[in-house]
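Q: Please take a close look at one part of this structure, the contact between its two chains. I should like a connected account of the elements that form that contact and of what lies behind them.

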Amino acid sequence: MDFGLSAGRAATALLLLAGTVAAADAPRVAGEIDAKGLARAIARENGKVVLVNFWATWCVPCREEFPDLVRLEKDYRDRGLSVLGVSTDFDKQLPAVEKFLAKNRPEFPNYHKKSGGDDQEFIEAVDAKWGGELPFSVVYGPDGKKARVLSGKQSYADFERAVRALLKPV
Amino acid sequence: MNILPTAIGVVILSAATGAALAESPAIGAAAPTFRLTTLDGKSFSLADAAREHKLVVVMFIATKCPYSNAYNDRMRKMAEEYAKKNVLIVGINSNSTEPAEEVRAHAREHGFAFPLMKDPGNKVADLYDARHTPEVYVVDPEGKLRYHGRIDENYENPEKVASPDLRNALDALLTGQSVAKAETKAFGCSIKRV
């Protein structure tokens, strides 16, 4: 039987298929979120330590610290850490957000802050003392209460210090 | 404005000097005074500038921050427009990652004619607890803080600004009214401190 497919073309087809699978596997934006939705997402992680990181693709220090968050979540998920990312990019930057996620491959959900309205309401709902600077992270204890806020770029050690005391002992 | 042609370093004159990282000054409280050297080598004193103008706008800005850069035209236009009303707008760059030469080149590129200063060791940003760029503070002739926050709510599109907060504050103060929204927030780039 002639399948009409040379070995080279078959290999190309397989590579294309693999590429399609890889793209499908790549982390995508988990959805739009507003302040109330974020509060619900945090509440769903009941009993866990939750680190919420606010970032944007235009924010260089956000991009720099993100790989450390990806590593932190992998290192501490078994001890009860959940990480939630929130991109504050505008809608038109969503392709850049998807590309950033595909490159960094976080194994935690990343939402997109709902556009429209006044960002001040969102900022104040997250933390009354937050000025809006990015990056910004908030750590919630297993009781759901806010335990720490981290303003500006953090190192892996900074993130680790912020969550370790709240996590289950080894 | 009394600008002395002396090349002095940073001299912090505030009563709050003792605190390395002060709380953000409250609206109506004394704005921390400071003295910095402008990029063209002149001495700038906030206290002197406040006495000599109807209002002074202290604006923390950056060269590389997309949010701050989105406001370059608005900053230039507002500085020109409000200078006619005896309002002085000054820019402070506190980012340790952005040297004076870069700030100077950025100002030339965007036609900034207002006084610009580097803030060595981010001491002035610390005095104000300024967190990001752009972030602005309006000071009255008595040296009191009258507005703190964003320029407006729409970094993306100056044509669709719904809440021109800095303009509203300046216009209210210039006509002897109180500022309806004296504190506002918006996203911005964190200040790269030493």
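A: The account below begins at the contact between the chains and then turns to the helices of chain A and to the nonpolar core.

The model is a predicted one. In this model, 16 residues of chain A are in contact with 14 residues of chain B. On the side of chain A that touches chain B, helix 5 (119–126) and strand 5 (133–134) each supply at least two residues. The largest share of that side, 4 residues, comes from helix 5 of chain A. Sorted by class, the side of chain A that touches chain B comprises 6 nonpolar, 6 polar and 4 charged residues.

Strand 5 of chain A also takes part in pairing across the two chains: with strand 10 (residues 188–190) of chain B, strand 5 of chain A pairs in the parallel sense over 2 bridges. Within this pairing, A:E133 has B:G188, in strand 10 of chain B, as its bridge partner.

Helix 5 of chain A deserves separate treatment. Its buried residues are A:D119, A:Q120, A:F122, A:I123 and A:V126. Viewed down the axis of helix 5 of chain A, these buried residues fall within an arc of 165°, so they line one face of the helix. The buried residues of helix 5 pack against three elements of chain A, namely helix 2 (35–44), strand 4 (110–113) and strand 6 (136–140).

Strand 4 of chain A recurs in the surroundings of another helix. Together with strand 3 (81–87) of chain A, strand 4 is included in what covers the buried residues of helix 4 of chain A. Helix 4 of chain A spans residues 94–104, and its buried residues are A:V97, A:F100 and A:L101. Seen down the axis of helix 4 of chain A, the buried residues fall within an arc of 95°, so they line one face of this helix. On the other side of helix 4 of chain A, A:P95 and A:K103 are exposed. After helix 4 of chain A comes A:R105, with a positive phi near 50°.

Finally, the nonpolar core may be considered. The largest nonpolar core has 85 residues, and those that touch the most other members are A:L134, A:V163, B:V56, B:V58, B:M59, B:V138 and B:V139. Of these, B:V138 may be followed further: leaving aside residues up to four places away in sequence, B:V138 touches B:L55, B:V57, B:R146, B:Y147, B:A169, B:L170 and B:L173.

How values were computed
Residues numbered from 1 in each chain as written. Chains lettered and ligands numbered in written order. Predicted model: local features only at pLDDT ≥ 70, side-chain atom pairs only at ≥ 80, totals over all residues. Core = buried A, V, L, I, M, F, W, Y, C linked by C-beta atoms within 7 Å. Buried ≥ 20, exposed ≤ 12 C-beta atoms within 10 Å, placed from the backbone. Contact = placed C-beta atoms within 7 Å. Nonpolar A, V, L, I, M, F, W, Y, C, P; charged D, E, K, R; others polar. Pairing = 2+ DSSP bridges. Arc of directions from axis to C-beta.
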